Amino acid sequence: KERRRKRKREEEEEENKDKEDEREKKREKKEEESNGGNNNNEELKEELFGKEEEKEEGKVEEEGKKEEEKEKEKEKEKEKKEKEEEEGKKEEERKSVEGGLLRAFQYFDRNRVGYIKSSDLEMIFHSLGKELTARYIHE
């Protein structure tokens with residue numbers, strides 16, 4: 001997109017230069033032919049016409065800039081939405097893991113006292129094939 005925009009701007013600048021060159025040639029030609037009077041009116045018309053073209057070209061450039069800004073805003077919004085979705089997924093995953101841990105804890109907290117005895121924890125690790133010291137489990 002950036003390349004297209006850049007190419008478009010370069011083409012517009014080239015066209016502007018060509019038009020300016022044409023206007024300059026016409027002015028020079030008119031000055032050579034000029035004897036005063038009527039030619040001055042034509043020169044004024046040419047200058048006014050040239051200024052109108054410049055205004056139109058400026059409007060086109062402004063519109064192009066506005067379009068670029070709108071596209072940038074859309075891209076930022078899209079990135080923001082993607083980031084929010086990603087954060088939402090991470091939060092759901094975290095809750096899922098926490099929920100699983102809570103269910104596992106509740107399973108082994110048979111007396112519902114809010115803790116697991118170190119002897120029970122030692123038995124759990126032993127059944128999983130983890131040989132940990134009693135001191136490590138207690139900590």
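The legends below accompany several views of one predicted model.

**View 1. The whole chain is built from helices, with no strands.** This predicted model shows a chain of 139 residues, in which there are four helices and zero strands. Followed from the N terminus on, the elements run in the order α-α-α-α. Of the residues in the chain, 9% count as buried.

**View 2. Confidence in the prediction varies between the helices.** Averaged over the chain, the pLDDT is 79, and 79% of the residues score at least 70. Among the elements of the chain, H1 has the highest mean pLDDT, at 87, whereas H2 has the lowest, at 76. Where pLDDT is low, the predicted coordinates should not be read in detail.

**View 3. A positive patch lies on the surface.** The residues that form this patch are Lys 1, Arg 3, Arg 4, Arg 7, Lys 66, Lys 70, Lys 74 and Lys 78. Two elements each give two or more residues to the positive patch, namely helix H1, which covers residues 2–33, and helix H2, which covers residues 38–108. The element that gives the most is H2, with four residues.

**View 4. A close-up of Lys 66, one of the residues of the positive patch.** Lys 66 is found in helix H2, the element with the lowest mean pLDDT in the chain. Is Lys 66 buried or exposed? Lys 66 counts as exposed because its relative accessible area is 52%, and the term exposed applies to values over 50%.

Key:
Residues are numbered from 1 along each chain as its sequence is written. This is a predicted model: local features need pLDDT of at least 70, side-chain atom pairs count only at pLDDT 80 or more; totals for chains, interfaces and linings use all residues. Side-chain values use heavy atoms; hydrogens and water are left out. Patches are made of residues with over 30% relative accessible area and no salt bridge: like charges are joined within 9 Å, nonpolar side chains (Val, Leu, Ile, Met, Phe, Trp, Tyr) within 5 Å. Accessible areas come from the Shrake-Rupley method with a 1.4 Å probe; for residues, only the protein chains shown count as cover. A salt bridge is a side-chain nitrogen of Lys or Arg within 4 Å of a carboxyl oxygen of Asp or Glu. Lys and Arg count as positive and Asp and Glu as negative; His and the chain ends are not counted. The place of a charge is taken as NZ of Lys, CZ of Arg, CG of Asp or CD of Glu. Buried means under 20% relative accessible area, exposed over 50%, partly exposed in between (1.4 Å probe, protein chains only). pLDDT is the predictor's confidence in each residue, from 0 to 100.
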